[in-house]
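Dear colleague,

I am handing over a structure that I would like you to look through before we discuss it. My notes on what was found follow below.

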Amino acid sequence: MPQTRPGTVDPRLLEVLVCPVTKGPLEYDAEAGELVSRAARLVYPIREGIPIMLPEEARPLAD
């Protein structure tokens, strides 16, 4: 398995991840290190390269 830089997520993982609330697509915000669900209006953190896909860990999407 190819190594990724610290703070980044394996692109293959991003292809299969979906929002746990809506089951819809996520957008990867590399600059902020977050995954965005526009449908659920939630932003999921990525910590040490691991997406935290728990709704209670997500923050609301700012307008």
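A residue is called buried here when its relative accessible area is under 20%, exposed when that area is over 50%, and partly exposed in between. By that criterion, 37% of the 63 residues of the protein chain count as buried. Please keep in mind throughout that this is a predicted model, with a pLDDT that averages 88 over the protein chain and reaches at least 70 for 87% of the residues. Among the secondary structure elements, confidence is lowest in helix α1 (residues 11-16), where the mean is 88, and highest in β5, where it is 97.

As to the overall layout, the protein chain comes to 1 helix and 5 strands, and from the N terminus on these elements follow the order α-β-β-β-β-β. Of the contacts between residues at least 6 apart in sequence, 19% join residues at least 24 apart. The chain exposes about 4,500 Å², and carbon and sulfur atoms supply 56% of that area.

The interior

The largest nonpolar core is made up of 10 residues, namely V9, L17, C19, L26, L35, L42, Y44, I46, M53 and A58. Strand β3 (residues 42-47) gives the most to this core, contributing 3 residues. One core member whose surroundings may interest you is L26, which, leaving aside its neighbours within four places in sequence, is in contact with L17, V18, C19, L35, V36, S37, Y44 and M53.

S37, which appears in that list of contacts of L26, lies in strand β2 and is buried, with a relative accessible area of 0%. Not counting residues up to four places away in sequence, S37 touches C19, T22, P25, L26, L42 and Y44.

Salt bridges

The structure holds 4 salt bridges, and I describe some of them here. In one of them R12 pairs with D10, the closest N and O atoms being 2.9 Å apart. The two partners fall into separate classes of accessibility, since R12 counts as partly exposed at 45%, whereas D10 is buried, with a relative accessible area of 15%.

In another, the side chains of R38 and E27 meet at 3.0 Å, N to O. Because R38 lies in the loop between β2 (34-37) and β3 while E27 belongs to strand β1 (residues 27-29), this pair ties together parts that are 11 residues apart in sequence. E27 counts as partly exposed, at 39% relative accessibility.

A further salt bridge brings together the side chains of E34 and R59, at 2.9 Å from N to O. This pair links distant parts of the chain, with E34 in strand β2 and R59 in strand β5 (residues 59-60), 25 residues apart. Here E34 counts as buried, at 15% relative accessibility, while R59 counts as partly exposed, at 38%.

Loops and backbone

Which backbone angles deserve a second look? Most residues other than glycine have a negative phi. R41, although it is not a glycine, has a positive phi of about 55°; R41 is found in the loop between β2 and β3, and at 38% relative accessibility it counts as partly exposed. E48, also a residue other than glycine, has a positive phi near 55°, and its place is in the loop between β3 and β4. With a relative accessibility of 79%, E48 counts as exposed.

G49 likewise has its place in the loop between β3 and β4 (50-51), but, in contrast with E48, which counts as exposed, G49 counts as buried, at 19% relative accessibility. Since buried means under 20% relative accessible area, the value of 19% for G49 meets that cut-off. The C-alpha atoms of G49 and G33, which are 16 residues apart along the chain, are separated by 8.6 Å.

With best regards

Key. Residues numbered from 1 in each chain as written. Predicted model: local features only at pLDDT ≥ 70, side-chain atom pairs only at ≥ 80, totals over all residues. Heavy atoms only, no water. Core = buried A, V, L, I, M, F, W, Y, C linked by side-chain atoms within 4.5 Å. Buried < 20%, exposed > 50% of the residue type's maximum accessible area, 1.4 Å probe, protein only. Helix = DSSP H or I, 4+ residues; strand = E, 2+ residues; numbered from the N terminus. Contact = heavy atoms within 4.5 Å. Areas by Shrake-Rupley, 256 points an atom, 1.4 Å probe, with all protein chains shown as cover. pLDDT = per-residue confidence, 0-100.
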